[in-house]
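Here is a short report on how two protein chains are put together. Have a look at the sequence and the 3D view, then read on.

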Amino acid sequence: MVNPASLLPASRSAIVTKAAVEVAADRDTASTRLIYVYLGSATFWLLVGTLIGAYLGLKFATPDIDHIAWLSYGRLRPVHTNTVFWGWASLAMIALALYVVPKTSRRRLHSLPLAWVSLGLINAAVLVGDLLLMAGVNNGGQEYREYIWPVQGVFALGVILVTYNMIRTIVGRAIEEIYISNWYIMGGFLWTVALMVIAYVPVYQQTGISETVIQGFYMHMGVGMWFTPMVLGLTYYFLPKLLNKPIYSYSLGVLAFWTQMVFYSMIGAHHFIFAPTPWWLQTVAIIFSVGMIVTLAAGTGNFLMTMKGSFHTVARSYSLPFILVGVIAYFLFSLQGTFEAFRSLNRVWHFTNFTVAHSHLTMYGFVVFLIWGGIYGLVPRLTGREPSHFLAGVHFWFAFVGVAIYTIALMIGGTMQGMSWMAGDAFIESVTMMAPFWLWRALGGGLMFLSHLIFAYNLWCMRPARRDLPQELAAQEAMA
Amino acid sequence: MNFHRNHWLLLGTIFFGFIGLAFIIAILPAQWMQRNTEPLPEAKPLSDIEQRGLEVYIAEGCVACHTQQVRPLPMDSPWGRPTAAADYALLGPMDVWRPYSPAVLGSARTGPDLSNIGARQSSETWQYLHLYNPRAVVKESIMPAYPWLFEPATGAEGDAPVVTIPEAYAPEGGKVVPTEQGQALVAYLLALRQIPIEGASGTTQTASTETSRDSDASAGGDEEKADAKGASLYANTCASCHQANGEGLPGTFPPLVGNAVVLADDPGEHIDTILNGAQGRTIDGTEYASPMPGFADQLDDDQVAAIVNHERTSWGNDAPTVTAEDVAGRREAGAE
């Protein structure tokens, strides 16, 4: 790949002219179609999930907007979270991994049909799971464990089949070393498979408080051992590729990987600080939360040092700004999570809307921005079609400004909620006081949703060209 | 040992290493908690209808906004004593689709904690009104309404309670009857009562430490502070029925504005009502059927006095105030 900055003059205007992508040479139509349909499904769930999220945000201002059981807040909230988790972000990450793992293994994916089966299973699980949640059938668990086991089982089967597909691809690689991206990506897959089983086996979680121990572990690993390693692994591929230079330090990536596995696994209990779960468990969680600073510094430092000297290229690209935001958000808001684990700060912020801000800063600011960076970086090279550079910029700024408004409002409001409780005010004051912040949140959420509509349109513009079809038919006929 | 080249070594370490860590940090601690947590001796398992209510509670996702987890922090003391592992010990697997105990501890407190809601708000009528439309009793509430837990009253309900909904929120006909699910949910909510633990820093004790600190400060004549405390206690304890403006709900919860007991020079009956509750009284020509709970166990003398004084000096009421000693006197007189 040619460094785009060297191709175009660095003239500055309100809208920076973005570098165009040269058409990829090695186009594999069947695999491109697979990846594109994965991304299309993911984007469908993004629109569904965030439309529901925006609607839920409205309900804080107008609780009587509807009186329909299937749309009531308590039932819809897990529909929002599970759809964006398992439908959008998971499918989008798998789509990108379906490109990166074979590419870095210098061979084709082990089995395309198997990957289609996985896609069907995951889509079916999210669809059925969401409908059941709206009908009032849930697992009785807390965050991200709301689908009942038959549904989550179908999802897990989909992930297990992809994992198998990836393992066979890596085992049959045409290159001696396993690239660092694949460490992270395989970590994400294997840890998640283990996690799903641990979370849904009933043996050791049959009474209230034992279930809570597992829930703390699960809800944290669900984020940190699935989304985090997956998008980091993808970034270890896309960042050097888009910048056309090697990663700053391979060994820093390895260090961050092992500390991620050991430190992160230990910190789930920090979701139940001051709960009647074992006190030592909470203390261990807090200590390792601090240890995560090593992982964060190593990972972010590595990415930023790779970008150093190439910020011109970042400014001229429409994919790299997403990655830059994602990398910085990874550091800042994981660090925020460490702070939230401290007992002194936890008592102010726990149970408040601050937590909601934190989860959006990490899942959206970090994970989703890196996913978008990967999609804009990859798809034009696969299909030879680019989105409008202007609309990619509008997508970036709407999403960025939207999530900033959303989270700043909830961080301020959440802190004030905690202070109100500590001051001993009547509880209802912590509700009425939040009204303006909830309005800002609805506004920010609306902007975010708007940016997703633009993204969906951009993805449509990047669709594989039809002229590939006759070629493919011809190829099939030739084979027959 | 070369993780870069040996894929089975790398993948095996990743997978089994994580499972090993999961045993240390999650599975074994959970197993240990499960084996070593006994319910409190006085604890009763949920009855059939209460268990069905818990299922409605889970199905409707009440957990999204309500905790059942009182932390050992002064800021949590309005919700009850700190919860212990034993409090959840009787929660068990729900059914074959949910073979785990339901998660009720919660992660957000957008609405109040419910660990002790059955004691804090024991009026069945209030619970039904509130579920039908929370704004019928708490104007500022943002909780969803649950009209699907009710049916229009037809006059042939049998034992089911008929609830009169305030006009602004009422359906046609004005009266509704809770469905079986609605009745089960309220039965479950009313069953959420904390069992006192000897020696645990309970509500009353924690609260009274804070109160005595407060009253030391107000001993210097800081009446404003004492009144702010009364206003806050009133908002948390009384306003959901008697309303923030003291006017109650016509026909359901009596007004305190111009109420003869509140305005009486002798505060005895006023204090007694708060301590012991009331039922079936006729006030200003209206008979009020729904019972008022007594607060003797939940509020100490200072707190009752603060509430009494707030009620006697707000919304145009102007009656003589009382001291904590007056309340202590009525408490003793009642106990004899």
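Which residue of chain B forms a salt bridge with A:Glu176? The partner is B:Arg5, and the closest N and O atoms of the pair are 3.7 Å apart. Keep in mind that this is a predicted model.

**Between the chains**

The rule finds 4 salt bridges across the interface of chain A and chain B. Side chains of opposite charge can pair when their charged atoms come close. On the side of chain A that touches chain B, 10 residues are charged, 23 are polar and 55 are nonpolar. Polar contacts also cross the interface: 24 residue pairs are counted between the two chains, with both residues at pLDDT 80 or more.

How many residues of each chain take part in the contact? On one side there are 88 residues of chain A, and on the other 79 residues of chain B. The size of an interface is often given as the accessible area lost when the parts come together. Here the area buried between chain A and chain B is about 7,400 Å². Carbon and sulfur atoms give 70% of that area. Three residues stand out on the chain A side: A:Pro276, A:Phe351 and A:Phe427. They supply 10% of the area that chain A buries against chain B, more than any other three residues.

**Salt bridges within the chains**

Over all chains, the structure holds 17 salt bridges. The table gives three that lie within one chain.

| Pair | Closest N to O distance |
|---|---|
| A:Asp66 and A:Lys59 | 3.0 Å |
| A:Arg77 and A:Glu143 | 3.2 Å |
| B:Arg71 and B:Asp76 | 3.0 Å |

Take the A:Asp66 pair. Are its two residues buried or exposed? A:Asp66 is buried, at 12% relative accessible area. A:Lys59 is buried too, at 7%.

Next comes the salt bridge of A:Arg77 and A:Glu143. This pair links distant parts of the chain, 66 residues apart. A:Arg77 sits in helix 2 (residues 73-105) of chain A. A:Glu143 lies in the loop between helix 3 (112-134) and helix 4 (149-171). A:Glu143 is buried, with a relative accessible area of 8%.

In chain B, B:Arg71 and B:Asp76 meet through their side chains. Both B:Arg71 and B:Asp76 are buried. Salt bridges with shared partners join these two, B:Arg109 and B:Asp113 into one network.

**Chain B as a whole**

Chain B has 12 helices and 5 strands. Its C-alpha atoms fill a box of roughly 90 × 60 × 40 Å, taken along the principal axes. Of the 336 residues in chain B, 50% are buried. Now consider contacts in chain B between residues at least 6 apart in sequence. Among these, 65% join residues at least 24 apart.

B:Gln68 gives a local view. Its place is in the loop between helix 2 (48-59) and helix 3 (117-120) of chain B. B:Gln68 is buried, at 6% relative accessibility. The side chain of B:Gln68 makes a polar contact of 3.1 Å with the side chain of B:Tyr57. Beyond four places away in sequence, B:Gln68 touches several residues, including B:Tyr57, B:Thr83, B:Asp113 and B:Tyr188. B:Asp113 is also part of the salt-bridge network described above.

**Why no disulfides?**

The count comes to 0 disulfides over all chains. Why does B:Cys62 not bond to B:Cys65? The closest cysteine sulfur to that of B:Cys62 is in B:Cys65, 8.9 Å away, which is too far for a bond. The cut-off is 2.5 Å. B:Cys238 tells a similar story: its closest cysteine sulfur is in B:Cys241, 9.0 Å away, again too far for a bond. B:Cys62 is buried, at 13% relative accessibility, and B:Cys238 is buried at 11%.

**A loop residue in chain A**

Where is A:Thr277? This residue is in the loop between helix 7 (250-265) and helix 8 (279-307) of chain A. A:Thr277 is buried, at 7% relative accessibility. Leaving aside neighbours within four places in sequence, its contacts are A:Ile209, A:Thr212, A:Val213, A:Phe272 and A:Gln282. With A:Gln282, A:Thr277 shares a side-chain polar contact of 3.0 Å. A:Val294 is 17 residues from A:Thr277 in sequence, and their C-alpha atoms are 27 Å apart in space.

Technical notes
Residues numbered from 1 in each chain as written. Chains lettered and ligands numbered in written order. Heavy atoms only, no water. Buried < 20%, exposed > 50% of the residue type's maximum accessible area, 1.4 Å probe, protein only. Contact = heavy atoms within 4.5 Å. Buried area = accessible area lost by both parts, 1.4 Å probe. Polar contact = N/O pair within 3.5 Å; in protein donor to acceptor, adjacent residues only side chain to side chain. Nonpolar A, V, L, I, M, F, W, Y, C, P; charged D, E, K, R; others polar. Helix = DSSP H or I, 4+ residues; strand = E, 2+ residues; numbered from the N terminus.
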